[in-house]
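Please walk me through this structure at the level of a first-year student, moving from what surrounds the ligand to the helices and then to the chain as a whole.

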Amino acid sequence: MARRGNGNGNGHGRKTPGERLVEVGDQIRGSQVWTSIFRPGSIFRRGYTDSPRNRSYVIMNSVLYHLHPVKVKRHAVRVSYTLCLGGLSFFLFILLTVTGIFLMFFYRPTEAQAWNDIRTLHTAVTFGLLVRNMHRWAAHLMVITVFLHMARVFYHGAYKPPREFNWVIGVILLLLTLLLSFTGYLLPWDQLALWAVTVGTNMMGYTPVFGPQVRFVLLGSKEISGETLLRWYVLHVLMFPFVIVIFMAVHFWRVRKDGGLSGPL
Ligand code: HEM
């Protein structure tokens, strides 16, 4: 608490700058703002080493730390067990979100502007080419890491109960990753994009019973057009990212609820 009075020991009743600093520090630490942020369990209060109870407090009372379990199995923190492939997939998703937002500042999804905007990004925007390539490479890499993560999970038999529900969530995540990748493919509006999507949606059209209808809804017309570009843009920047974030949250939560990582082998 704040120290008051003249008992500063210098005999003049005035406080030295050092004493005033201590007093201000005490006032800040006693304030409501400080105590409401640094509650019991904050590492800024007592560190996180004094007792098992305090360590648990630190984890449970911090929004960031509580994503981690209070205790983990020893083998689960070995990089050689998971190869960090799930974590890498998540990291790439964050990178894709950040670089994607940058690209959105310069890209307009219309027939007349899309391709030109990409060219302008290459030639006239500071770091435009770099950020576009980061986005493209991260997208390719994410497909690879998600697939390898699935292979790792399969190798460890982690698809078996009690993790079978999380395996199904994982399959949905793989599907969403591929859909994000495919919808992004059209956006540069170049020949490669146009014909890749023509082939893809033609294949879709041959699905029995509802194939032609689904193709029509996805294209927004009978042929690939500006309507298609707008639809795929909205799916790519809004719908699929939104849905994948929800499924990722469920996925991470399930890892915790299923008792942490599987194993050891
Ligand atoms: C966007 C895609 C995905 C992300 C970001 C992701 C993320 C993660 C992370 C961070 C973990 C913790 C352990 C680790 O890093 O390996 C994990 C575990 C797990 N994931 Fe994924 N994952 C994705 C896709 C998948 C897919 C495609 C499957 C399977 C079809 C899957 C099934 C599982 C299972 C069963 C576990 C528990 C593994 C264990 O207990 O050993 N995930 N995931």
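The shell around the ligand is made up of 15 nonpolar residues, 11 polar ones and 1 charged one. In this predicted model, 27 residues surround the ligand, and the closest of them are T82, G86, A158, G170 and S262. It helps to ask which parts of the chain these residues come from. At least two residues of the shell are supplied by each of four helices, namely α6 (85–104), α8, α9 and α12 (226–257). Of the contributors, α9 gives the most, with 7 residues in the shell around the ligand.

Because three of these helices can also be followed through their contacts with one another, the next step is to look at pairs, and two packed helices are described by the angle between their axes and the distance between the axes. The first pair to look at consists of helix α8, which covers residues 128–155, and helix α9, which covers residues 164–186; their axes come within 10 Å and cross at roughly 165°. Since angles over 145 degrees count as roughly antiparallel, α8 is therefore roughly antiparallel to α9. The crossing of α8 and α9 is, in addition, left-handed.

Which residues make the contact between α8 and α9? On the side of α8 they are A139, M142, V143, V146, M150 and V153, while α9 brings G170, L173, L174, T177, L178, S181 and G184. Taken by character, the residues of this contact of α8 with α9 comprise 9 nonpolar and 4 polar ones, with no charged residue among them. The reader may recognise G170 of α9 in this list, for G170 is also one of the residues closest to the ligand.

A second pair is formed by α6 and α8, whose axes come within 8 Å and cross at roughly 160°. By the reasoning used before, this angle makes α6 roughly antiparallel to α8, and the crossing of α6 and α8 is left-handed. The residues in the contact of α6 with α8 divide into 16 nonpolar, 7 polar and 2 charged.

Stepping back to the whole chain, one finds 12 helices and 0 strands, so that the elements, read from the N terminus on, run α-α-α-α-α-α-α-α-α-α-α-α. The radius of gyration of the chain is 27 Å, well over the 18 Å that the globule rule gives for 265 residues, and the chain is therefore more spread out than a compact globule. Along its principal axes, the C-alpha trace spans about 90 × 50 × 30 Å.

Key:
Residues numbered from 1 in each chain as written. Predicted model: local features only at pLDDT ≥ 70, side-chain atom pairs only at ≥ 80, totals over all residues. Axes fitted to C-alpha atoms, helices over the stretch in contact; angles between N-to-C directions. Parallel < 35°, antiparallel > 145°, perpendicular 65-115°, else oblique. Left-handed = near helix turned anticlockwise from the far one by under 90°. Contact = placed C-beta atoms within 7 Å. Nonpolar A, V, L, I, M, F, W, Y, C, P; charged D, E, K, R; others polar. Near = placed C-beta within 6 Å. Rg over C-alpha atoms; globule rule 2.2 N^0.38 Å.
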